[in-house]
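Work through the exercises below with the sequence and the model side by side. Try each task before you read its solution.

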Amino acid sequence: MSKTVMEHADASEVFNRDEPYVNWHDETLWFVRQKRDKSSKQLPEWEQLREAASGIKHYVLSHLDELLISFEQKAKENGVQVHWAANAAEHNEIVLGLLKKHKIDKMVKSKSMLTEECHMNEFLQKNGIEVIDTDLGERIVQLRNEPPSHIVLPAIHLKKKDIGDLFHEHLGTDAGATDPQYLTEAARQHLRDKFLTRRAALTGVNFAVAETGSFVVSTNEGNADMGAHLADIHIACMGFEKIIPKQEHLGVFLRLLARSATGQPITTYSSHFKKPREGQEMHIVIVDNGRSTQLGRKDFRNSLKCIRCGACMNTCPVYRRSGGHSYHNAVAGPIGSILAPNLDMTKNADLPFASTLCGSCSNVCPVKIDIHDQLYKWRQVLAKEGHVPKSKEIGIRAMSTVLAAPRFYQWSGRLGRTVMRAMPFMVNNALNPWYKQRDMPEPPKESFRDWYVRNRKN
Amino acid sequence: MSVTERIDMSSRDKILGQIRQNKPDEVALPTVTTFVSHFENTEDKFREMLGLIYTEVIVVKNLEELAAKAEELYAGVVNRATTIPALSAWADFSLNVSDPHELETIEIAIVQAEFGVAENGAVWISDQYLPHRVLPFITQNLAFVIPRNALVDNMHEAYVRLQDTLGWGCFIAGPSKTADIEQSLVIGAHGARSMVIFLLEGE
């Protein structure tokens, strides 16, 4: 996983070399987006639900300290141990410490994007702990030694042949077998053995309720519950923004989450953990890792409202045609592109530019985050702080010169149209990035302005 | 105090301090956060939603009919477990074990649950109804029994009914599933491979 990090545009170029594959990827995600549309339209109150969810999250952001303190107190009363981690390193140390204390060197894990963000698996492996991801998609990418390419659909970038080959190598399935039913059954058997033999289970947290000290974990496969209810010790890790004030608010969020994510009215399992079972230890690790900094950025703090449904990825024309890995961040797509610069402006300066600013992400967001506005605003911040690549800066400067002078703009437009007509090879070549994967359009004979000036008298 | 405990204490104060410094101006909770669903018939909607997630709904008049149905549906299946006293003659697997790992060979579990939600076909089950939390997940096949009149329209109503959860509880909607291989739906990921819901009349 220590591959050289390519910028988004370069990684997309690699992704786009195989046209049928890109088309398939694009269509697969668009299909998920359409399921979301269909599902949301079943509820006449959909827009009011989004409004309510957004409002609750705004309340949360302005009361985070009180809500976290209340949650901690209630959780402790429930017999759950609460830990606080200021950053990824502390989070990883806390998890390792708990495992060491119990002399455990093997753990099962259900989906947690936070542990991806913290690169926990690598850290634990270096310290002699084996971590098995138990979500099918996550297990697939783990066996391939790569990160998930989507927060809800971790292996969405893979074809069943890739998975058949992988399972043949690692799980001993028949060579050439690609039937999803057969491959899933093989994974079920393989992972059931892990569930039955591991003494520690780590899960993520979808929602943590301040009022009750409980937390909810949503899965379709049942892997979080299989792990947690069989293990001696259950560790649940959460970014601190997962907190919601009251249990009744789960009604709002659980109605929105799965419908936005996959179009299901609810995930198969919505598990509410409050107290450890008899003889079990339950731990919650509350993680900051840059979130409190983001909270202080007026223009970007709303990104912390995110409930990780992935709808913005499924709808994004850039994500669908560039794939999750091109974002080189645990959370990809539009939401990842507004979260990542907060973590590291230098490393992630390219991401807010991986967007057409079409606004589709903001339109589908169940908690109404102004994602495309934030993408635009990050560009300003990154340019001001000198994180924009030179080539882009020159282009932007040239563009602003042209756009600032109307006469020069008219003249250059006319020149451009003439050149494209007379010498199409000047634009239809590899030096022009707009020519990649598409033909240049036939230029119009005149601009709208010229047409208007000529026809105004009539 | 161990090293990790020291991390915890100082980080807690640091995180909360930074939040206090950086949080936005106070915003009030929205006034409208619950909604009413207008279904013509709650049970029909419940059935319809469960049909979409491969779950059969069977109405039984009384416990005798439930026992007869159980015999009929799971004839020939061994390792049958139940939490319902009226089915004890039907079951051949005792849930009276101390280690939940011992449940791994259960083929079918018929379990009493609390209520169902029409808008999504989910059924609420909790510690109150289970000797082992892992039971509805580890069993190969699962059936819930809920009173026929214990149905609510949507999740807002569900949480009014729940008030406070006890130690642990879960909404379960249909059998376990995954679509992680090329978006092809496969039933039976890690949890139950099939699900039946019995609606018990009377009582």
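Helices (H or I, at least four residues) and strands (E, at least two) are DSSP runs, numbered from the N terminus. This is a predicted model, so local features need pLDDT of at least 70 and side-chain atom pairs count only at pLDDT 80 or more, while totals for chains, interfaces and linings use all residues. Residues are numbered from 1 along each chain as its sequence is written, chains are lettered from A and ligands numbered from 1 in the order in which they are written, and side-chain values use heavy atoms, with hydrogens and water left out.

**Exercise 1. Describe the largest pocket and its lining.**

Step 1. Fix the terms. On a 1 Å grid over the protein atoms alone, a cavity is a set of points where a 1.4 Å probe fits but cannot get out. A pocket is an open set with protein on both sides within 12 Å along at least five of seven lines. Lining residues have an atom within 4 Å of a point. Grid points are joined across faces, edges and corners, and a volume is the space filled by probe spheres set on the points.

Step 2. Take the volume. The largest pocket has about 2,200 Å³.

Step 3. Find the centre. The lining has 45 residues, and Asn432(A), Pro433(A), Trp434(A), Lys436(A) and Arg438(A) are the closest to the centre.

Step 4. Name the helices. In chain A, H1 (8-15), H2 (19-40), H15 (317-322), H19 (390-404) and H20 (406-422) each supply at least two residues of this lining.

Step 5. Sort by class. Ala, Val, Leu, Ile, Met, Phe, Trp, Tyr, Cys and Pro count as nonpolar, Asp, Glu, Lys and Arg as charged, and the others, Gly among them, as polar. The pocket lining has 19 nonpolar, 14 polar and 12 charged residues.

**Exercise 2. Which parts of chain A does the salt bridge between Arg320(A) and Asp26(A) tie together?**

Step 1. Set the cut-off. A salt bridge is a side-chain nitrogen of Lys or Arg within 4 Å of a carboxyl oxygen of Asp or Glu.

Step 2. Check the pair. The closest N and O atoms of Arg320(A) and Asp26(A) are 2.6 Å apart.

Step 3. Place the residues. Arg320(A) lies in helix H15 and Asp26(A) in helix H2, so the pair ties together parts that are 294 residues apart in sequence.

**Exercise 3. Set the two largest cavities side by side.**

Step 1. Count. Four cavities reach 30 Å³ or more.

Step 2. Take the largest cavity. Its volume is about 170 Å³. Its lining has 14 residues, with Glu117(A), Arg291(A), Arg308(A), Leu339(A) and Leu343(A) nearest the centre. H16(A) gives the largest share, three residues. The classes are five nonpolar, five polar and four charged.

Step 3. Take the second largest cavity. It holds about 80 Å³ of space. Of its 13 lining residues, Cys306(A), Cys309(A), Cys312(A), Cys365(A) and Pro366(A) are the closest to the centre. This lining divides into 11 nonpolar, one polar and one charged.

**Exercise 4. How many residues of each chain are in contact, and how many salt bridges link the chains?**

Step 1. Count contacts, meaning heavy atoms within 4.5 Å. Chain B uses 72 residues and chain A 98.

Step 2. Count the salt bridges. Chain B and chain A share seven. One joins the side chains of Glu185(A) and Arg193(B), at 2.7 Å, N to O.
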